Amino acid sequence: MKDMGNRIERLMEDMEDYIEQCPYAKFSNDVIKVNKDDLKEYLRQLRKKIPAEIKRCQQIISREDAILKDAHEKAEKIVNEAVVQMRNLVGEHEIMRQVYVEANGIVAVANHQAQEILDNATREANAVKEAAVQYTDNVLENVEILLEQSIDVTQANYDNLITSLQNCHSIVVSNRAELAPFEDALPVPTEQSREEGG
C-alpha cells in the first residue's frame, strides 16, 4: 500500500511540475496554456491507480473481521478449557462444594482473559480501519485539489477564447457598419440598363 501511495504521490508531483512549466497565456500573468492530451494522460493514470489503492485499503479494513473472529475463537477455547477443568475437579460428593468454588474462580479468570482479548482485538481493528480510511481520504484530497486546478485552467482558457471571439465579432460588425453608406450610394440597376448592358 505504501509503494502504491508513493506512486500516486509521484504522479501528482509530476502534474504539479507540469502545471508550473506550462507557459502563460498571452497578456496574462496567472492564466497558463495546458496541452489537452498531456492533461488527459495524467488524469488517465490517476483513474488507473486510485481504484487499486482504494481496493487495497478496503482489504486492510476487512482484516477487522478476521481479527475479531480470531479473538472470539481464542476466548471460546479458554472458556471451554476452564469448563472441562471444572468438571474434572468435581469428582466426589463431599468435596464438590469446595471444587465448585475453585472452578468458578477459574471460569471467572478465563472470562476476564477472553474479554481482554476481545477488547485488544477491537482496538487493533479500529486502529487499522482508521489509518486506512485516513490514508484514502488524503489521497482523494490531493486528487480533488489537482482536478480543481485543472478545471480552473480549462475555464480560464475557455473564457479567453470567448473574449477573443466576441472581439472578432465586434470588429466584423463595425466593418459592416462602415460599408453600409457606400452600399446605399451605389445606383440600383433598372430594367433598361440591364437590356443595354446585355
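## A look around a four-helix chain

Let's start with one residue: Lys 77 sits in helix H2. Helices here are DSSP runs of H or I with at least four residues, while strands are runs of E with at least two, and both are numbered from the N terminus. Keep in mind that this is a predicted model, where local features need pLDDT of at least 70, side-chain atom pairs count only at pLDDT 80 or more, and totals for chains, interfaces and linings use all residues. Residues are numbered from 1 along each chain as its sequence is written, and side-chain values use heavy atoms, leaving out hydrogens and water.

Is Lys 77 buried or exposed? Lys 77 counts as exposed because its relative accessible area is 53%, and the cut-off for exposed is over 50% (buried is under 20%, partly exposed is in between, with a 1.4 Å probe and protein chains only). Two glutamines, Gln 115 and Gln 155, belong to helix H3. Gln 115 is partly exposed, at 42% relative accessibility, and Gln 155 is partly exposed with a relative accessible area of 42%.

Each of these residues can be paired with a partner from elsewhere in the sequence, with distances taken from C-alpha to C-alpha:

| Pair | Apart in sequence | Apart in space |
|---|---|---|
| Lys 77 and Ala 114 | 37 residues | 9.0 Å |
| Gln 115 and Ala 71 | 44 residues | 9.1 Å |
| Gln 155 and Val 31 | 124 residues | 9.8 Å |

Now zoom out. The protein chain has four helices and zero strands, so reading along the sequence gives α-α-α-α, with helices being the DSSP runs described above. Of its 198 residues, 23% count as buried. Contact means heavy atoms within 4.5 Å, and among contacts with a separation of 6 or more, 76% are between residues 24 or more positions apart. The accessible surface comes to about 15100 Å², and 53% of that belongs to carbon and sulfur atoms. Those areas come from the Shrake-Rupley method with a 1.4 Å probe, and for residues only the protein chains shown count as cover.

What about the inside? In soluble globular proteins, nonpolar side chains tend to be buried together. A nonpolar core is a set of buried Ala, Val, Leu, Ile, Met, Phe, Trp, Tyr and Cys residues joined through side-chain atoms within 4.5 Å. The largest one here has 18 residues, and Met 12, Met 15 and Leu 46 have the most contacts inside it. Helix H1 (2-21), helix H2 (36-89) and helix H3 (96-185) each give two or more residues to this core, with H1 supplying the largest share, six residues. Leaving out residues up to four places away in sequence, Leu 46 touches Leu 11, Met 12, Met 15, Pro 51 and Val 143. Apart from that core lies another, of five residues, including Ile 67, Ala 71, Leu 118 and Ala 125.

Finally, which residues line the largest cavity? They are Ile 19, Val 34, Leu 39, Ser 150 and Val 153. A cavity is a set of points on a 1 Å grid over the protein atoms alone where a 1.4 Å probe fits but cannot get out, and lining residues have an atom within 4 Å of a point.

Terms used: On a 1 Å grid over the protein atoms alone, a cavity is a set of points where a 1.4 Å probe fits but cannot get out, and a pocket is an open set with protein on both sides within 12 Å along at least five of seven lines; lining residues have an atom within 4 Å of a point.
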